[in-house]
Amino acid sequence: GKTYPAVAPVDLKVGAREFVGIVGPTGCGKSTLLNVAAGLLTPATGDALVFGTRLAGLNRHAGYLFQQDAIMPWKTARDNIAIALEVSGTPRAEAVERMRLALDTFVL
């Protein structure tokens with residue numbers, strides 16, 4: 001019947017253009033903290049703020065890469081990239097164009 005906090009109170013501020021790594025042993029709460037920041041989990045107490053606004057639902061300002069692969073093996077690599085836009089409501093043609101622009105930017 002006891003409960004245990006997954007993460008102690010955290011006050012984390014990330015500035016513009018900063019790159020932050022969260023490290024620690026297995027079970028210390030890294031994934032829980034990131035899931036709260038992404039809006040996948042709601043904190044039991046306190047608030048998650050993004051740009052000073054309480055996070056309600058998914059954090060549309062953050063990208064998130066799961067620990068386990070989450071590709072759909074029956075889709076091409078390009079379709080796996082575009083699907084993230086499509087499921088958030090972007091029309092297929094626009095999603096494909098944005099995927100192409102992203103690949104042109106990040107892939108040599």
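1. Leu40. In this predicted model, Leu40 is partly exposed, at a relative accessible area of 40%. Leu40 sits in the loop that runs between helix H1 (30-38) and strand E1 (49-50). Leu40 also belongs to a nonpolar surface patch of about 730 Å². The other members of that patch are Val10, Leu12, Val14, Val20, Ile22, Leu34, Leu58 and Tyr64. Patch members need over 30% relative accessible area. Leu40 has 40%, so it passes that cut-off.

2. Overall layout. The protein has three helices and two strands. Read from the N terminus, their order is α-β-β-α-α. The radius of gyration is 17 Å, well over the 13 Å that the globule rule gives for 108 residues, so the protein is more spread out than a compact globule. Along the principal axes, the C-alpha trace spans about 50 × 30 × 30 Å.

3. Burial and surface. How much of the protein is buried? Buried residues are 16% of the 108. The exposed area of the protein is about 9300 Å². Carbon and sulfur atoms account for 58% of that area. As for contacts, take those between residues at least 6 apart in sequence: 20% of them join residues at least 24 apart.

4. Asn59. Is Asn59 buried or exposed? Asn59 is buried, because its relative accessible area is 11% and the limit for buried is under 20%. Asn59 lies in the loop between E2 and helix H2 (77-87). The Asn59 side chain reaches the backbone oxygen of Ala37, at 2.9 Å. Neighbours within four places in sequence set aside, Asn59 contacts Ala37, Ala38, Gly39 and Val50. The residue numbers place Ala37 and Ala38 in helix H1 (30-38) and Val50 in strand E1 (49-50).

5. Arg17. Check the backbone here. Arg17 is not a glycine, yet its phi is positive, near 65°. Arg17 falls in the segment before H1. Arg17 counts as exposed, because its relative accessibility is 87% and the cut-off for exposed is over 50%.

6. Phe51. This is another backbone point. Phe51 is not a glycine either, and its phi is positive, at about 55°. Phe51 is in the loop between E1 and strand E2 (53-54). At 69% relative accessibility, Phe51 counts as exposed. Phe51 is not listed among the residues of the nonpolar patch described in point 1.

7. Salt bridges. How many salt bridges does the structure hold? There are four. Side chains of opposite charge can pair when their charged atoms come close. Points 8 to 10 take up three of the pairs, beginning with Arg92 and Asp79.

8. Arg92 with Asp79. These two residues form a salt bridge, with the closest N and O atoms 2.9 Å apart. The pair links distant parts of the chain. Arg92 is in helix H3 (residues 92-106) and Asp79 in helix H2, 13 residues apart. Arg92 counts as partly exposed, at 40% relative accessibility. Asp79 is partly exposed too, at 22%. Buried means under 20%, so Asp79 falls outside that class.

9. Arg92 with Glu86. Which residue other than Asp79 meets Arg92 in a salt bridge? The side chain of Glu86 does, at 2.8 Å from N to O. Glu86 is partly exposed, with a relative accessible area of 24%. Asp79, Glu86 and Arg92 are thus linked in a network of salt bridges. By residue number, Glu86 lies in helix H2 (77-87).

10. Glu94 with Arg98. This salt bridge has its closest N and O atoms 3.5 Å apart. The partners are both in helix H3. They are four residues apart, which means a separation of about one helical turn. Glu94 is partly exposed, with a relative accessible area of 39%. Arg98 counts as partly exposed as well, at 40% relative accessibility.

11. Places to look at in the model. For backbone geometry, go to Arg17 and Phe51. For a buried polar side chain, go to Asn59 and its approach to the Ala37 backbone oxygen. For charge pairing, view Asp79, Glu86 and Arg92 together, then Glu94 and Arg98. For the nonpolar surface, start from Leu40 and take in the rest of the patch, including Leu34 and Leu58.

Notes. Residues numbered from 1 in each chain as written. Predicted model: local features only at pLDDT ≥ 70, side-chain atom pairs only at ≥ 80, totals over all residues. Heavy atoms only, no water. Patch = residues over 30% accessible without salt bridge, like charges linked within 9 Å, V, L, I, M, F, W, Y side chains within 5 Å. Areas by Shrake-Rupley, 256 points an atom, 1.4 Å probe, with all protein chains shown as cover. Buried < 20%, exposed > 50% of the residue type's maximum accessible area, 1.4 Å probe, protein only. Polar contact = N/O pair within 3.5 Å; in protein donor to acceptor, adjacent residues only side chain to side chain. Contact = heavy atoms within 4.5 Å. Rg over C-alpha atoms; globule rule 2.2 N^0.38 Å.
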